[in-house]
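Me: I'd like to talk through a protein model with you, one question at a time. Could you take a look and help me reason about its parts?

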Amino acid sequence: MESLTLLLANEEATHAAGAALLSATNGIGLIALQGDLGSGKTTLVRGLLRAAGYQGRVKSPTYTLVEPYSEIGHGIYHFDLYRLADPEELEYIGIRDYLEEKALILLEWPERGEGLLPTADLTLMLSYQAFGRKLQIIAGNPYGLEIIKKWPEQTIF
């Protein structure tokens, strides 16, 4: 299985998908999050962070570009590249250091960093449906395939 498609009925289901992602990755990996504005990317990240034990406010790092969540026991970094004018700007924020760390890196708008970013382990594509959202999970490499195979089957969305 190179991909997995889920239908997410509501915000609670999107949070559950984020928690399942954390469980399947064991907190390590490069995850690309794609979808239109408001499609649920940050909501999914919020669910993942709640599952990791983070209780603070979770917002999209649109202006800061990266929001670190290292205080929860392991490194989780949430990037939002929407405002990136040029992929070279990633060098100024030290992207290589983040990528070398054993951490979970969540990238919203990864296409803005094309050419400087490696292929993501997983690409999560969120899209609007008549009721809720569709989440398509696509493996980008063998580790991504492992993550999909470990996706919790008992999770109900």
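Me: Leaving aside neighbours within four places in sequence, which residues is alanine 52 in contact with?
Reply: Happy to help, and keep in mind that this is a predicted model. Alanine 52 sits in the loop between α2 and β3. Once neighbours within four places in sequence are set aside, its contacts are Leu22, Ile72 and Ile76.

Me: Is alanine 52 buried or exposed, and what is its relative accessible area?
Reply: The cut-off for buried is under 20% relative accessible area. Alanine 52 falls under that cut-off, so this loop residue counts as buried, with a value of 18%.

Me: How far apart in space are alanine 52 and aspartate 80, C-alpha to C-alpha?
Reply: In sequence, 28 residues separate alanine 52 and aspartate 80. In space, C-alpha to C-alpha, the distance is 20 Å.

Me: How many of the 11 residues of helix α2 are buried?
Reply: Helix α2 covers residues 41-51 and is largely enclosed by the rest of the structure. Its buried residues are Lys41, Thr42, Thr43, Leu44, Val45, Gly47, Leu48 and Leu49. The cover over them includes α1, β2, β4, β5, β6 and β7. Out of 11 residues, the number buried is 8.

Me: Which residue with a positive phi follows α2?
Reply: Past the end of α2 there is a residue whose phi is positive, near 105°. That residue is glycine 53.

Me: Which residues does threonine 14 contact, leaving aside its neighbours within four places in sequence?
Reply: Threonine 14 belongs to helix α1, residues 11-25. It is buried, at a relative accessible area of 5%. Beyond those sequence neighbours, threonine 14 touches Leu8, Gly40, Thr43 and Leu44.

Me: Which strands stand at the edges of the sheet?
Reply: The open sheet has 7 strands with mixed pairing, in the order β1-β7-β6-β2-β5-β4-β3. An edge strand here has a single partner, so one of its sides is left without a neighbour in the sheet. From one strand to the next, the twist averages 15°. The edge strands are β1 (3-8) and β3 (66-68).

Me: Which residue in β7 stands opposite threonine 5?
Reply: β1 pairs with β7 (residues 133-139) in the antiparallel sense, over 6 bridges. Across from threonine 5, the β7 residue is glutamine 136.

Me: What angle does the direction of helix α5 make with that of β7?
Reply: Helix α5 (residues 142-149) packs on the sheet and touches β1, β2, β6 and β7. Relative to the direction of β7, its own direction makes about 135°.

Key
Residues are numbered from 1 along each chain as its sequence is written. This is a predicted model: local features need pLDDT of at least 70, side-chain atom pairs count only at pLDDT 80 or more; totals for chains, interfaces and linings use all residues. Side-chain values use heavy atoms; hydrogens and water are left out. Two strands pair if DSSP finds at least two bridges between them. Helices (H or I, at least four residues) and strands (E, at least two) are DSSP runs, numbered from the N terminus. Axes are lines fitted to C-alpha atoms, for helices over the stretch in contact, and angles run from 0 to 180 degrees between N-to-C directions. Contact means heavy atoms within 4.5 Å. Buried means under 20% relative accessible area, exposed over 50%, partly exposed in between (1.4 Å probe, protein chains only).
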